[in-house]
Amino acid sequence: MKKKVEELYEKYAGDLHELSKYIYENPELGRGEVKAAKAHMELLKKNGFDIDEGILGIETAFIASYTSKKEGPKVAFLAEYDALPEIGHGCGHNILGAASTGAGLLLKEFVDDIGGEVLVYGTPAEETDGAKVDMAKAGLFDGLDIAMAVHPIGEKHMKSGTSQAMEAIRFEYHGKTAHAAGMPHEGINALDGVITLFNSINAMRQQVKDGERIHGIVSKGGEAANIIPDYAAADFYVRSDTRKNLGELVERVKNCAKGAALATGTQVEISNYEYTFEDLVTNKKLSELYVNNLKRLGVEEIGEGKETGSTDMGDVSYCCPVIHPYFPISKEALTGHSVEFAAATQTEEAKRGMKEAVMAMVLTGIEVIVDEKILGEIKAEFSQIEGK
Ligand SMILES: [Zn+2]
Ligand SMILES: [Zn+2]
């Protein structure tokens, strides 16, 4: 089986490298990934997939499917292809998308014999308003037996781990303008609201749980130094290991914001400026299959899963059994969200890492389709997840 998967990989390798390179050279921000989505859909369509595009009214979201004549499990691969402002594909979603589409193309070649259905989901805007959140809410992952996506990283393969639940919160302070030297007592300083918010959060940090993250920027701080600002704003991301713990932490952060308003005489408006992400629940049985397949391919070094950072794959993990492991695009450790990371997706190391990841995903998909017992274990584990 391994040999056949490898032969098939070689058949598609040229197309996959071209796809990754084209998207690398044409970076597009979340929900504007028109070229990237089109390139994925064309390749899938050319190889016999049916395409449903503009899913939920999101122009760059699609679902590609291939159903064999034999009934069987539904295996999905989730593609991402959004870039970051200024630094392009610093998160490597160009190669992530190519890997998922590649796994779809390869597994399709088997399902006429073994049965089942292969799907590739085009999921825009992972970095911002992750479309997987909308798709999860609409129930589009509910009927899947398993879903997989592998993310690039530096150095070595890593198991699927957890990710942090995350909320994106905007704080807008409103005050009153006045001449900062002539009539300061007439003004209400909105920037003081923001500064007090940062100081309150920084005081609180010492008493948060291990691994929790609160990080923000001042997005508006006033117009000129001689005018007391009547408007100032800050954007924050707040992260914790589970939705429940996140809820408690967010409450405390919001109290800091309210306290800052009271202390400075300002009014604060609190809103979400991007989607909230669930934490990622890895299906351990599915992860075990993937890791064993990597070992079968000769991969010796496989690191433990990551715990920090957030992804909309978390929302999918509450809908069906998922894994979200990492594959290496370099021999060195790399800093994520950097231009160096983007460039590394075009190296020979990246091609090797992607090949291993794609082959391991395909072998895992085959096992899940042919072995009812294994799928039963995966589903039993999934049914135990709390808060679905
Ligand atoms: Zn990413
Ligand atoms: Zn990223």
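Start by selecting His337: at 41% relative accessibility, this residue counts as partly exposed, a label for anything between buried (under 20% relative accessible area) and exposed (over 50%), using a 1.4 Å probe and protein chains only. You're looking at a predicted model, where local features need pLDDT of at least 70, side-chain atom pairs count only at pLDDT 80 or more, and totals for chains, interfaces and linings use all residues. Residues are numbered from 1 along each chain as its sequence is written, chains are lettered from A and ligands numbered from 1 in the order in which they are written, and side-chain values use heavy atoms, with hydrogens and water left out.

**Stop 1: His337 and the pocket**

Stay on His337 and check its backbone: phi is near 55 degrees, a positive value in a residue other than glycine. His337 sits in the loop between strand S14 (326-328) and helix H9 (339-344). Helices here are DSSP runs of H or I with at least four residues, strands are runs of E with at least two, and both are numbered from the N terminus.

Now add Cys91, Glu126, Glu127 and Ser310 to the selection. Together with His337, they lie nearest the centre of the largest pocket, which has 34 lining residues. Its volume is about 730 Å³. For the record, the search ran on a 1 Å grid over the protein atoms alone; a pocket is an open set of points where a 1.4 Å probe fits, with protein on both sides within 12 Å along at least five of seven lines, and lining residues have an atom within 4 Å of a point. Points are joined across faces, edges and corners, and the volume is the space filled by probe spheres set on them.

Which strand gives the most to the lining of the largest pocket? Colour S6 to see: this strand supplies 3 residues. Strands S6 (151-153) and S10 (231-240) each bring at least two.

**Stop 2: Ala125**

Jump to Ala125, in the loop between S4 and helix H4 (131-137). Here's another positive phi in a residue other than glycine, near 60 degrees. Ala125 is buried, with a relative accessible area of 0%.

**Stop 3: the sheet**

Show the cartoon and pick out the open sheet of 6 strands, in the order S1-S2-S4-S3-S5-S13, with mixed pairing. S1 and S13 stand at the edges with a single partner strand each, so one side of each has no neighbour in the sheet. Pairing takes at least two DSSP bridges between two strands.

Walk across from the S1 edge:

- S1 (residues 50-53) meets S2 in the antiparallel sense over 4 bridges; look for Asp52, whose bridge partner in S2 is Ile63.
- S2 (residues 62-67) has 5 of its 6 residues buried. S2 and S4 (residues 117-122) are antiparallel over 6 bridges, with Phe62 opposite Gly122 and Ser65 opposite Leu119.
- S3 (residues 74-79) and S4 are parallel over 6 bridges; Phe77 stands opposite Val120.
- S5 and S13 run parallel, joined by 2 bridges, and Met148 faces Ile323 in S13.

Is S4 enclosed or open? 6 of its 6 residues are buried, so this strand is largely enclosed by the rest of the structure. Turn on its side chains: Glu117, Leu119 and Tyr121 point one way, while Val118, Val120 and Gly122 point the other. In a regular strand the side chains alternate between the two faces of the sheet.

**Stop 4: helix H7**

Select residues 284-296. With 13 residues at 1.5 Å each, counted as one less than the number of residues, H7 should span 18 Å, and its end C-alpha atoms are indeed 18 Å apart. At the start of the helix, a side-chain oxygen of Asn283 comes within 3.4 Å of the backbone nitrogen of Lys285. Just after H7, Gly298 has a positive phi of about 95 degrees.

The buried residues of H7 include Leu286, Leu289, Tyr290 and Leu294. What do the buried residues pack against? Among the partners are strand S5 (146-148), helix H10 (348-370) and helix H11 (372-383).

**Stop 5: two buried residues**

Asn94 is in helix H3 (residues 93-114) and counts as buried at 0% relative accessibility. Its contacts (heavy atoms within 4.5 Å) include Ser20, Tyr24, His89 and Gln346.

Finish with Val253 in helix H6 (residues 243-264), also buried at 0%. Val253 touches Phe171, Leu197 and Val238, among others. For a last distance, pick Glu155: 98 residues from Val253 in sequence and 36 Å away in space, C-alpha to C-alpha.

Technical notes: A polar contact is a pair of N or O atoms within 3.5 Å; within protein, one must be able to donate a hydrogen and the other to accept it, and residues adjacent in sequence count only if both atoms are side-chain atoms. Lists of a residue's contacts leave out its neighbours within four places in sequence.
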